Every structure is written in structure tokens, then in C-alpha cells.
Amino acid sequence: MALPDDEEGTTVANGHPPANGYLPVPGDAPAGKVSAETQNGPKAGCLALNGVSRDSPKAASGALDGPKTPLAPEEETQARLLPKDPGEETPAVEGTLVPRTALSARRFLVLLIFSLYSLVNAFQWIQYSIISNVFESFYNVSSLHIDWLSMVYMLAYVPLIFPATWLLDTRGLRLTALLGSGLNCLGAWIKCGSVQQHLFWVTMLGQCLCSVAQVFILGLPSHIASVWFGPKEVSTACATAVLGNQLGTAVGFLLPPVLVPNTQNNTQLLACNISTMFYGTSAVATLLFILTVIAFKEKPQYPPSQAQAVLQDSPPGEYSYVKSIRNLFKNIPFVLLLITYGIMTGAFYSVSTLLNQIILTYYEGEEVNAGRIGLTLVLAGMVGSILCGLWLDYTKTYKHTTLTVYILSFVGMVIFTFTLNLGHIIIVFVTGGLLGFFMTGYLPLGFEFAVEITYPESEGTSSGLLNAAAQIFGILFTLAQGKLTSDYGPRTGNVFLCVWMFVGIILTALIKSDLKRHNINKGITNGDIKAVSSEYFYDYTIEKCVHRVSINPSTPSPVFFHSCGSVIMAYARYVL
């Protein structure tokens, strides 16, 4: 059971109650002794206080002997702690406020609710495509009409992602979650009124609402992980959140062929089966919406990591959504990741949408096994996602892991392509599982890698742009592969995807790995505190370099380097 907000986290030592999420440091206490119980227990990960306000007398008599540059007014408002040499302690100043971090037990409930309603949304995305021939017959429409019931998810995402991420960044996590869960529920109920052969437009309307709900869902995994989970579990939490969507796709592959078997000779029975599937989906979506209203919170009482503490302490006026978008598109590594993530995820969307047509070309009448192959693909991917998340939390080797998984996804796609026509469907199960393990396992890697190389920009914005790229590539790949498959066969369509995935490998190798968020958390864990707001992130980097040079005994003049440092910081502030 999740704890209420006032019971979340850990207790504070008697006589020092928290104030606005901070722990006051007593003047007579050594800075290195003050700690708060954090995500790794009473000792591990505690915040060591080894710095002071830069305008204090004790700070002034520290590392630099020369004249001091006056602080800018905006700098004085920041809780800035200068780094010290290893083993060197700096006494705290009376009343110094230091961010407190703690993990909330509610984080698991928030993650579970999100994963479940994301599951239902993904289920509604694929429930038509996996039995496309059944719905074509029931509604008397072409295969392209049924394909658009899937592609509308991709089409709706592209124009709506910018207002959706703006809403997330300015109005918060809870409102975004309520919109995603609520629209998902409403779309499911509208579909219940479409179980007649002339009401294809009604089922399309319900699917359109579900596709709008998806816009408020797909960008949340990395945001929920960063806001609610600590640095040693953030990648696993993101992978788990993505896993909910993948599990929904898996259920979407498995249940529709079972609930709605191909009974074209009995239209009344077919309508009854479709109605059962629609009403069951609506009931589950309604329950999850109610749980979202009751239990989904904006954020925990205390930030779970120092990186989050830095961002939460920034004044609201410093954030600009337009500037954030501009900064992301100026970030060359992120632009490369945007393209490569779009290629990989777009290929997955295309294969998932057209899987029924691909399998039935070689194995006629195997609708149920086509769904089971899709299930195998996604379940293997779920295992891959969790393993990749655990691996990232343990090693932090984001680029190497991403590139390795990309290469193995390409190999899996080649094997899947050239073993389809062997006449043994068990081989397709094996190759489909291999493909899914790496291709679907890549999804959380892209999210977390993007957050690392774009910190301190919003996780919701970077994730939203990644998903927008995935939807664009997904639409283009689905249309192109569908045309190639119908005209020249599944092999030609799959080779088309293989070529694009090879291009993605080359671009991934060019991405520069600069793990900004990890460096912030690592610096604090090691006692080298860098508590700076997002606006001063680059300022701090310059200052640290100058400070390290100026206190090196081998340097000829600390005064000279400090003066140069002031000029460098002023120039960096102007340029950046």
C-alpha cells in the first residue's frame, strides 16, 4: 500500500524539520556529517555537504587567494556549492539549505497505473490489424482502411506532440496522465457503438480518440522515471513503463484472434464476438481511469535524485518551451538519435501492422499463429527491455549498449526476412522472438539515452520528439512496405526495412556520448556537489575547470587564472 504524501520518504533528525524540501545545516555541525536517508538506505547515496555559499567569509578564504569577482544577482539566488579537493572539508554556514532527496513508496503505484492504462491503449492500437481479414469482411472495406485504423495512431501523434509536451512541461504530470487515461476510456466506449457493418466510421472515430490519448501516454515513461525514481533505478523504471505499452501490443496480438475467430459465414456471431472484445476493453479502461484519478500524483514530496533537485529548484520563469525545443534541435547528438530512433521504432510499427499479411502470405489460414508470433515478438522484446534497463543502471554504457542492440536488431531482421518461406512456422516463431528481443528492447534505450545527452532539458520534450520521429517513420514505412508486400511479396518489403536499419547503425555510431545527467548524479554521490539550475549548467562547467586549474600547486599564479576564469565565465554566459 502506498504511503500518504506526508509519510513518504524518510524521517528527519529531531530538531531539524524540513523546510520546503530542504534540510537546514546547523552552524556547529561539520558539513560532511549531515545526511538524509535516501534511495539506497540510511548510508548509501546520502548527500554529503562539503560546500558553502560563495559569498560567505569561509568560502572567501578557501581555494583562491586572489581578488574575488562579485556575484551576479541571479547567482546569489542559487544554492551553489563549490567543489573541494579530495579529502578537504568545508564547514557549513548557519542556515545553509541543502536539497534533501528521498524515495517515495508511492512511486511503484504510479508506475503500475501508468503501465496498465498504457497497456490498454497499445492493445486498442493493434486489435484490428492482427485480424485485418476478419474486419475487412465484417465492414466490407479494403485492407488499406484497416491499416489506417493502426496508422491513425501515428498520424495523430505528429501534429499533437508539441501541444502535448507543452502541457506536460507547464501543467504537469497528473493532468497529462488524466487526459491520456480519460481519452483512452472514452474512445473504447465509442467503439462499443460501432458493431454494425455500416458503422465503420464510428469505429474509426473511437480509434481516433484512442490515438489522441496515445499522445499523452508515449512521452511519459522517461518523465515518470526521472521524477519518481532514484539514479540507480531510473533506467529500469523507464524500461518497466515502456514494458506496459509493449505488453499491450502483446495482448493485442494474442486475444483478438481468440475472442474474434474467423466466422465469416455467421455475421451475427461475428458481431457478438466483436462486441464482447469492445465491451471488455471499455470496462478495463474505465477502472484504470478511476484509479488514475484517485492515486496518480504530480510528484513525490522530496526529489529522488540530485539531478531532479536541481531542476525543481529552478525558478519557473527560467523555463521556456520554445527555447527548449530550439536547444534540442541544436544538439547534434540528439538530432542523430532522433533519426535513428525513428528508423528503428518505425520499422517495428510497420512490421507489427503488417504481420498478419506477411504471415498469411506464406501460411494461409494461420490467423491464430500470426497473433502468437506477434505475441512472441513482443514478449521477447519485454525481456530485452528489462535486461537493457538493468544493464544501463549497472554500467551506464548508453552508447555502446544502444549501438550493440541496433546491430543485433538488424541481424535479427535479416534472419527473419530470409527464413519466412522455409515452410516451417516454428522457425518463424524463433526468428520473430529473436527480432523482437532486440528491436523492442531498443525502445527504452532510446528514451534514456536522449535524457542523458539533453539534460537539463525536459524529459517529456525529448521523449515526445523521439516518438514523433517514430510515428513519421512508422507511417512512411508502413505505406511503403505495404505497397512492396502487395506488389512484390513480403521479402521485398522486409529488405526495404533492412536497408534503412543499416543506415540507422551508421548514424548511431556517429552519436557523441555526453552523459550530462549521470555526471551530475555521479558528482554528488562522490561528494563533488554541482547543485546548479538548468540555466547555469554550462556556467558551472566552465567555473569548475577554472577552479581546478587555479588551485593546482603547479600553476604559476592563482590570481591570474581566477581573473581569466571570470572573463571565460562572462563570455560563456553571453554565448550559451
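**Exercise 1. Contacts along the chain**

What share of the contacts in the protein chain with a separation of 6 or more comes from residues 24 or more positions apart?

*Solution.* The model is predicted. Take the contacts with a separation of 6 or more. Residues 24 or more positions apart account for 82% of them.

**Exercise 2. Elements and surface**

State how many helices and strands the protein chain has, then describe its cover and its surface.

*Solution.* Step one: count the elements. There are 22 helices and two strands. Step two: turn to burial. The protein chain has 576 residues, and 57% of them count as buried. Step three: look at the outside. About 23400 Å² is exposed. Carbon and sulfur atoms supply 66% of that area.

**Exercise 3. Helix H8**

Find helix H8 and decide whether it is mostly covered or mostly uncovered.

*Solution.* Start with the location: H8 spans residues 220–228. Next, check each residue against the cut-off: buried means under 20% relative accessible area. Nine of the nine residues pass, and H8 is mostly covered. Among the buried residues are Leu220, Pro221, His223 and Trp228. Ser222 and Ser226 are buried too.

**Exercise 4. Cysteines**

Work out how many disulfides the structure holds, and test Cys185 as a candidate.

*Solution.* The structure holds zero disulfides. For Cys185, the nearest cysteine sulfur belongs to Cys210, 9.4 Å away. A disulfide needs two cysteine sulfur atoms within 2.5 Å. Cys185 is therefore in no disulfide.

Now sort two cysteines by accessibility. Cys185 has a relative accessible area of 10%, so it is buried. Cys272 stands at 44% relative accessibility, so it counts as partly exposed.

Key: Residues are numbered from 1 along each chain as its sequence is written. This is a predicted model: local features need pLDDT of at least 70, side-chain atom pairs count only at pLDDT 80 or more; totals for chains, interfaces and linings use all residues. Side-chain values use heavy atoms; hydrogens and water are left out. Helices (H or I, at least four residues) and strands (E, at least two) are DSSP runs, numbered from the N terminus. Buried means under 20% relative accessible area, exposed over 50%, partly exposed in between (1.4 Å probe, protein chains only). Contact means heavy atoms within 4.5 Å. Accessible areas come from the Shrake-Rupley method with a 1.4 Å probe; for residues, only the protein chains shown count as cover.
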